[in-house]
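Trainee: I would like a close look at the end of one helix and what surrounds it. Please start there and then work outwards.

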Amino acid sequence: MTALLQVNALKTFYRADGDYVKAVDDVSFHVDVGESLGLAGESGCGKTTVALSLMRLLPPNASILGGEILYDGQDIVKMSDRRLRRTRWKKISIVFQGAMNALNPVKRIVEQIAEPILLHEKIAKDEATRRAERLVELVGIDKSRARDYPHEFSGGMRQRVMIAMALACEPRLVILDEPTTALDVMTKMQIQQLVKDIQKEMSLSTILITHDLSVIAETCEKVAIMYAGKLVEHADVVTMFENPLHPYTSGLLKGFPNIHASRELPVSIPGSPPDLLHPPPGCRFAPRCPLASKECEVDPPGKTVDGNRYVACWKR
Amino acid sequence: MATAMSHVGSDETLQNVLEVRDLKVWFPVRTGILTSLAKSEEKFIHAVDGISFDVRRGEVFCLVGESGCGKTTTARCILKLVEATSGTINFRDDGETIELCSAGPRQIRRIRPKIQLIFQDPYESLDPKHSVLDQLSEPLDVNRVGGSREEKMKKILTALSNVGLIPPETFLHRYPHELSGGQRQRVGIASSMVLDPIFLIADEPVSMVDVSMRADILRIMLDIKKREDASFLFITHDFSLAWVMGDTIAVMYSGKIVERASSFDLIRDPKHPYTRALVSVVPVPDPKFRHKRVILHGEVPDPIDVPKGCRFHPRCPIGKEKCKIEEPELRSIGGERWVACHFWQEPFP
């Protein structure tokens, strides 16, 4: 398989009080054609900043200070605004966190889905509407509901609309930022299934951003774990769950109760994530790490293990 | 049903702290003048529609269900934050029983310290201008308990160290913005605990806490249960949390309890088709784990216009004609297992 997206040494910092919040610091990963990557970590670890960097939709106080984001060999970081407009939504699209609550309340669903099509492609309005109607069906909403307003839809259905919008211009890569977090368990499973089906059907690549490793276990092929702005581990899902290499990954995995295992309380990782304005020198996980020693005072270089796994830890 | 459950109270160690009987909370729906003139019939949201359960001393009782099923309304009703439409809630403390629904404000004020709430969102529930000391003093001052200044301080320090904020003195003068999410939630729990409650209501207490710190919060609650012999009403939508926390689980759907059992029985051998489906879709943190999933279609019914017969029948994979006509009651199927389904013995897909 070939890499559709290759991120190399990405650095995205936020300016604050004359200093920098090192939100994404030297992060590299790749996504192959048709592959699903789960990007996991706790809140504030930089996973959403990675997503915003990929789309170049960062807020004004943030900037990409280094690295490259190669989509099909083209560097998104260096793209002109004009080129960028042709890449966004047509090549890469995103379902934002909580975006289902950002639908325009006074516009019909089908019109809202047609909007990005009209914006990005030179086609007639009724053609765009027809395509939007097909998308409505694709995401499992009955055709007769296409002309409804957002308030007539439940949360799960609005999230389906967001997915339809992300697919509107037939992108090859869709980023999903916590797409099921606010939904009930049954609706969550319906959406997960929908994304899986569409992905297979359209050989779409996806990046699923979530804090919930069990969702990644169920839906992704690869997984990348971030901690305090750093990528700590990247591997295929089965290998990582069976044999996590980074102590943070092992700690995180112990935090999820499993109803099919014994009735035990999950285990916390002591301490809390560092302040990214002044991260600890060396390994950022060291202050919470059970294996930390003298050498962890120096930032651990990332290395490839067993051919295709990546881990950034001195102990491995 | 009351007779079937009364034997539970006879055993001293298993004494009930809370007995809810046929509790209903209906909210009137506001309609315009024209519609109310045209149709004289008033409409109600059936948030909680006739539920009964007991919570024993030292037990974690979990209420599980999807959003809108009535689990939070039940909790608010126990706290007297909403008025019950009908039914009774008996609260027992030191051999004294108070019926909360009919109790007057003076009685409520007296028992208020005994029933406390742990909030969901530690970012919203702490006053940003209150230091930890202020936060923990307030409940003592409001309820006029705690005695002298020294005694109050002692209570506060104990409460802080009991939730793992150690050494407690170093936290007294900190403000919420100086605390992590996990620490904030601990402060929230500590401020419920200074009053020495015997019954705690925890409504999604870890949903806003980061995964790596969640387990500590859960452990603190189990410690409280053990140390104080306190009872918890633990409200969550997450079966895997109910699995590790709960002694008993009750599953709610559309204002009704559809199944109630020990948490082991309910998760490992669910009987109600709704519970069976929900348990089958709980995410499992193991990519190699494969099992049959039952995905329900459709949505939770409109609480204003609930379906006739069994409320679950429009989504039920094994529903039959009878389910459209007759509403199943929550019946004991042996031991401490209760199911509200006509056909729970039928094979399930």
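Which residue follows helix 8 of chain B, and near what value is its phi?

Mentor: The residue is Asp229(B), and its phi is positive, near 55 degrees. Most residues other than glycine have a negative phi, and most peptide bonds are trans. Helices here are DSSP runs of H or I with at least four residues, strands are runs of E with at least two, and both are numbered from the N terminus.

Some ground rules come before the rest. Residues are numbered from 1 along each chain as its sequence is written, and chains are lettered from A and ligands numbered from 1 in the order in which they are written. The model is predicted, so to speak of a local feature a pLDDT of at least 70 is needed, side-chain atom pairs count only at pLDDT 80 or more, and totals for chains, interfaces and linings use all residues.

Helix 8 of chain B covers residues 211-228. Its 18 residues should span 26 Å at 1.5 Å a residue (the expected span is 1.5 Å times one less than the number of residues). The end C-alpha atoms are 27 Å apart, which agrees. Among its buried residues are Val211(B), Met213(B), Arg214(B), Asp216(B), Leu218(B) and Ile224(B). Buried means that 20 or more other C-beta atoms, placed from the backbone, lie within 10 Å of the residue's own; with 12 or fewer a residue is exposed, and in between it is partly exposed. The cover over these buried residues includes helix 9 of chain A, as well as helix 7, strand 7 (199-203), strand 8 (231-236) and helix 9 (239-245) of chain B.

Helix 9 of chain A leads to the interface. There, 36 residues of chain A are in contact with 34 residues of chain B (contact means C-beta atoms, placed from the backbone, within 7 Å). On the side of chain A, the elements giving two or more residues are helix 6 (185-202), helix 7 (213-219), helix 8 (237-242) and helix 9 (247-253). That side divides into 18 nonpolar, 12 polar and 6 charged residues. Nonpolar stands for Ala, Val, Leu, Ile, Met, Phe, Trp, Tyr, Cys and Pro, charged for Asp, Glu, Lys and Arg, and polar for the others, Gly among them.

Chain B also has a cis peptide bond, between Ile166(B) and Pro167(B), with omega about -10 degrees. Pro167(B) sits in the loop between helix 6 (149-162) and helix 7 (181-193) of that chain.

Positive phi values turn up in chain A as well. Asp72(A) has a phi near 55 degrees and lies in the loop between strand 4 (62-71) and strand 5 (74-75). Asp72(A) is partly exposed, with 14 other C-beta atoms within 10 Å. Glu170(A), with phi near 50 degrees, is in the loop between helix 5 (155-167) and strand 7 (173-177). Glu170(A) is also partly exposed, with 14 other C-beta atoms within 10 Å.

Another positive phi, about 80 degrees, belongs to Gly140(A), just after helix 4 of chain A. In that helix, Ala128(A), Ala132(A), Leu135(A) and Val136(A) are buried. Seen down the axis, these buried residues fall within an arc of 105 degrees (taken from the directions from the helix axis to the C-beta atoms), so they line one face of the helix. They pack against helix 3 and helix 5 of chain A. On the other side, Asp126(A) and Glu137(A) are exposed.

How values were computed
Contact = placed C-beta atoms within 7 Å.
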